[in-house]
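Hi,

Here is the structure I promised to send over. Have a look at it first, and then read on for what turned up when I went through it.

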Amino acid sequence: MTSFATSARSATAALRDLFPETPLLRNELLSARYDADIWLKREDLTPVRSYKLRGAFNAMRKVIASGPASRHFVCASAGNHAQGVAFACRHFGVQGTIFMPVTTPDQKIEKTRMFGGDNVTIELTGDYFDQSLAAAKEFCAEIHGYFLSPFDDADVIEGQASVGVEIMDQLDGPPDMVILPVGGGGLASGVTGYLREASPETTFRFVEPLGGASLRAAVRAGRPVTLPKVDSFVDGAAVGRLGDLTFSRLRHVPTDDILLAPEDRICTTILEMLNVEGIVLEPAGALSLDVLPELADQIRGKRVVCVTSGGNFDFERLPEVKERAQRFSGVKKYLLLRLPQRPGALRDFLGQLGPHDDVARFEYLKKSARNFGTILIGIETRAPGDFAALFERLDAAGFVFTDITNDEVVGQFLI
């Protein structure tokens with residue numbers, strides 16, 4: 001019986017017909033910061049700017065080899081998987097139908113259409129992904145097509161394992177640790193499956209977004225479970241339920257090796273990589289880098305590979321990313337300020353601001369002729385400690401205010 005490592009190497013060799021290996025680059029900034037040898041496996045530099053192309057290509061080449069080349073492929077995706085399937089359909093000259101939610105951003109729809117050309121039909125169905133998925137499976141059954149799962153497919157997992165094959169080929173020795181982002185588990189299953197054979201001394205850490213921790217939930221329950229709520233911000237990894245097949249390959253992962261990355265903190269990582277290193281990462285692509293501070297003591301002096309899984313970042317989201325990063329870093333806050341209705345009251349408040357406090361938002365919320373009105377005010381400053389000093393001055397001056405920066409319910413309406 002052919003070993004998984006051998007099959008993964010065959011898949012990697014076949015991929016060379018599609019694109020060259022992605023770079024594995026030593027990062028000087030992070031290596032110096034953590035006193036470690038840190039390398040980035042740049043999956044954000046594939047032709048579709050994510051690793052998803054690998055699994056889609058491998059599954060499709062096997063289906064085509066085993067049957068009629070005219071087989072119709074079907075998938076449901078609002079992002080990277082759709083683009084990978086479209087690219088592979090065009091490469092093989094086969095037809096594909098991709099179901100996407102009606103709410104999918106135009107940028108993603110157009111990129112999918114560009115990659116697939118005349119070989120792909122895009123169906124916009126449903127407001128949510130689950131509705132698109134159900135429609136895709138129903139359509140696939142009607143036409144007797146082949147449904148391409150984004151992660152819960154043995155051939156897809158084998159294709160994603162090519163990331164691990166390339167890492168071993170590009171380094172002059174095995175890595176001490178590989179840090180992997182986790183959504184549905186296809187990439188993690190493939191890379192760990194290969195490296196456990198090819199480099200048994202290598203250890204792993206798995207990173208999920210805090211609002212989509214499906215692997216941790218599955219490992220704790222001993223089976224895949226559906227999360228009651230998923231934060232969709234990290235759209236490339238915000239999966240509500242781990243795959244059954246991927247769970248069977250990851251079920252023995254220690255829970256201590258599964259790290260959770262808060263969505264707002266991921267924003268600080270995205271901005272640093274963009275502003276300092278000139279690397280464009282989507283939220284899921286930044287997961288493996290975001291947890292490095294937590295691992296500082298464990299990686300010192302070691303060779304570490306972080307898989308940057310995707311770079312499909314819509315720059316229309318940049319203001320939101322900056323906003324969330326500032327709030328997480330503690331340099332921006334929102335207050336509800338109760339202000340007396342008298343001449344000079346606003347001037348008195350502004351006089352409490354420090355030299356580095358900048359008013360970024362100001363909305364007067366008074367709705368009736370009362371003696372007090374409410375102001376929604378956003379303040380940016382240089383360092384988190386500046387707010388402690390500001391709050392002390394406001395208290396001493398008798399101002400009544402409420403910090404609503406982290407109040408999710410109020411923030412949905414006001415911020």
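Let me start with one side-chain pair: T269 and D290 are joined by a polar contact of 2.6 Å between their side chains. (A polar contact is a pair of N or O atoms within 3.5 Å; within protein, one must be able to donate a hydrogen and the other to accept it, and residues adjacent in sequence count only if both atoms are side-chain atoms.)

Before you go further: this is a predicted model, where local features need pLDDT of at least 70 and side-chain atom pairs count only at pLDDT 80 or more, while totals for chains, interfaces and linings use all residues. Residues are numbered from 1 along each chain as its sequence is written, and side-chain values use heavy atoms, with hydrogens and water left out.

Back to T269, which sits in helix 12. Helices (H or I, at least four residues) and strands (E, at least two) are DSSP runs, numbered from the N terminus. Why does T269 count as buried? Because its relative accessibility is 10%, and buried means under 20% relative accessible area, with exposed over 50% and partly exposed in between (1.4 Å probe, protein chains only). Leaving out neighbours within four places in sequence, T269 is in contact (heavy atoms within 4.5 Å) with A286, L289 and D290.

Now the cores. A nonpolar core here is a set of buried Ala, Val, Leu, Ile, Met, Phe, Trp, Tyr and Cys residues joined through side-chain atoms within 4.5 Å. The largest one has 34 residues, and I38, I179, L292 and I299 have the most contacts inside it. Helix 12 (residues 263-275) supplies the largest share of this core, 5 residues. There is also a second, separate core of 33 residues, which includes A8, L24, V165 and L250. As for I179, not counting residues up to four places away in sequence, its contacts include R205, V207, L292 and V305.

Helix 10 (residues 214-221) is worth a look too. This helix is largely enclosed by the rest of the structure, because 6 of its 8 residues are buried. The buried ones are S214, L215, R216, A217, A218 and V219. What covers them includes strand 8 (203-209), helix 11 (244-250) and strand 9 (258-261). Right after helix 10 comes G222, with a positive phi near 80°.

Next, the sheets. Strands of a sheet pair through backbone hydrogen bonds, either parallel or antiparallel. Two strands count as paired if DSSP finds at least two bridges between them. One open sheet has 4 strands in the order 5-4-3-6, with parallel pairing. Strand 5 (120-124) and strand 6 (146-147) are at its edges with a single partner strand each, so one side of each has no neighbour in the sheet. Strand 4 (residues 96-100) pairs with strand 5 in the parallel sense over 5 bridges, and F99 has E123 in strand 5 as its bridge partner. Helix 4 (residues 80-92) lies across strand 3 (73-76), strand 4 and strand 5, at about 165° to strand 4. (Axes are lines fitted to C-alpha atoms, for helices over the stretch in contact, and angles run from 0 to 180 degrees between N-to-C directions.)

Elsewhere, strand 11 (residues 332-340) has antiparallel pairings: one with strand 13 (residues 372-380) over 9 bridges, and one with strand 14 (residues 400-403) over 4 bridges. L339 is bridged to G373 in strand 13, while L336 has T402 in strand 14 as its bridge partner.

A couple of backbone oddities to check. Most residues other than glycine have a negative phi. D35, however, has a positive phi near 50° and is in the loop between helix 2 (28-34) and strand 2 (37-42). H144 has a positive phi near 60° and is in the loop between helix 6 (129-143) and strand 6. H144 counts as exposed, at 65% relative accessibility.

Last, the overall layout. The domain assignment gives domain 1 (3-50 + 155-321), domain 2 (71-144) and domain 3 (331-414); such bounds come from an automatic or database domain assignment. The C-alpha centres of domain 1 and domain 3 are 41 Å apart.

Cheers
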